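Trainee: Could you take me through a single part of this model in detail, namely one helix and the sheet it packs against, and then place that part within the rest of the chain?

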Amino acid sequence: MAEPEKIPEPAPRRIFQERQRITALPLYFEGFLSIRRPRYQDFEQYWTELRGTTLFFYSDKKTPTFLEKLELTNLTSVVNVYPDETGSAQFILMLRNEEVELKVEDYDSGEEWKGFILTVTQLSVPLCISLLPGQLIKLHDVLEKEKKRRTAMEQSPSASLSTEKTNNGDSVNILNTMPECFYAVSRQKAIEMLEKNPSWGNLILRPGSDSKNYSVTIRQVIDGPCIKHYRVVNMGKGYTIELARPVILLSLHDVIDYFVKQTQGSLKPFVTHTYDNKLGMQDVSTSGLSLEHAPRETHPATAHQPRAKPPRRPMPEKVTAPLQEYPVARYVHETRGKELKERAKRQVADRQRANQPF
């Protein structure tokens, strides 16, 4: 019996080209990295790439499409955590809107990851990182590449079209970043996400079945729940939404905006929420890498905690006080004693009279 033909695995160069096309960012560093967000208890390990100022997380080395990404432009500091029993290195990325904990296998790998992250975000090679001369040369090389990339973005004639201002006033390259509602999931998984959390949105951008193009999955409730899928073709320098009259747009962000505007806001991008559901302080041992540890932002809708009741005072033990401390009791006691004495005298006098002869 002939053995089933094995499906050939994609070549490493093909994977690199596909990831380069999807992210449109230069690769600076890569390796296995474990991540834990505030809403999760356990670490999850991914093959991670640092491209530009963004971390892209993949399920393994050979998957062309990333599962999740983390933008580092809002990084304020890096906080070290003392290693655990296994000797792995842990550190926390302090972002403006959240804190993300990362873990690698050993101390040297942790120092290398922190060095590359701080170099691309602060545009300077950190002096507080203990690295070998060869690693420092790589950091200086990455620093020059990142400076040239940012200069080219600022001087590009289409910079006004490819950047937008955030609420914090920061410029973000919208052509080189994926929309927040993009998830590397299948059609069925996208449907489950929309049905499970309708309050998070009703529009998901996901990879197409051919891994080259994209699809938009929406969920609307008219007479009842309705799921629809739209094909978005990558044209190289733009994207085409395959409708009765095809719509050609510059970026995937424009694709999402088109769906939102054409439905007058009834379609909303599906964005997961990362708010904490616990209020409290967590003790973290830090070392010299951290800048100023910013306090965690508290949500205004935090539930009111009931006021603790004060502890009850113990009831005093019942003690019988001596009679002299209570005047009324002393008076009754003395009066009763006099009456008994008078009665005894009368009884004695009566017996004496009874014994006298007539």
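Mentor: Helix H2, residues 107-122, lies across six strands, namely E1, E2, E3, E5, E6 and strand E7 (99-104), and its direction makes an angle of about 120° with that of E1. Please keep in mind throughout that this is a predicted model.

The strands that H2 lies across belong to an open sheet of seven strands, which is ordered E4-E3-E2-E1-E7-E6-E5 and paired in antiparallel fashion. At the edges of this sheet stand strand E4 (68-71) and strand E5 (75-81), and because each of them has a single partner strand, one side of each is left without a neighbour in the sheet. From one strand to its neighbour in this sheet the average turn is 35°, with direction ignored.

At the E5 edge, the pairing can be followed down to individual residues: E5 and strand E6 (residues 89-95) run antiparallel and are joined by six bridges, and serine 77 has methionine 94 in E6 as its bridge partner.

H2 shares part of this sheet with another helix, since helix H1 (residues 12-23) lies across strand E1 (27-36), strand E2 (44-51) and strand E3 (54-58), where it runs at about 75° to E2. Strands E1, E2 and E3 are thus listed for H1 and also for H2.

For comparison, consider the second sheet, which is likewise open but consists of five strands, in the order E10-E11-E12-E13-E14, again with antiparallel pairing. Its edge strands, each of which pairs on one side only, are strand E10 (203-207) and strand E14 (247-249), and its neighbouring strands are turned against each other by 25° on average, direction ignored. Strand E13 (residues 239-241) runs antiparallel to E14 and is joined to it by three bridges; in one of these pairings, isoleucine 241 has valine 247 of E14 as its bridge partner. Helix H6 (residues 252-262) lies across E10, strand E11 (214-221), strand E12 (225-234), E13 and E14, and runs at about 25° to E13.

As for the chain around these parts, it holds seven helices and 14 strands, and 33% of its 358 residues count as buried. Among contacts in the chain with a separation of 6 or more, 45% involve residues 24 or more positions apart. The area that the chain exposes is about 24,900 Å², of which carbon and sulfur atoms supply 53%.

Note on methods
Residues are numbered from 1 along each chain as its sequence is written. This is a predicted model: local features need pLDDT of at least 70, side-chain atom pairs count only at pLDDT 80 or more; totals for chains, interfaces and linings use all residues. Side-chain values use heavy atoms; hydrogens and water are left out. Two strands pair if DSSP finds at least two bridges between them. Helices (H or I, at least four residues) and strands (E, at least two) are DSSP runs, numbered from the N terminus. Axes are lines fitted to C-alpha atoms, for helices over the stretch in contact, and angles run from 0 to 180 degrees between N-to-C directions. Contact means heavy atoms within 4.5 Å. Buried means under 20% relative accessible area, exposed over 50%, partly exposed in between (1.4 Å probe, protein chains only). Accessible areas come from the Shrake-Rupley method with a 1.4 Å probe; for residues, only the protein chains shown count as cover.
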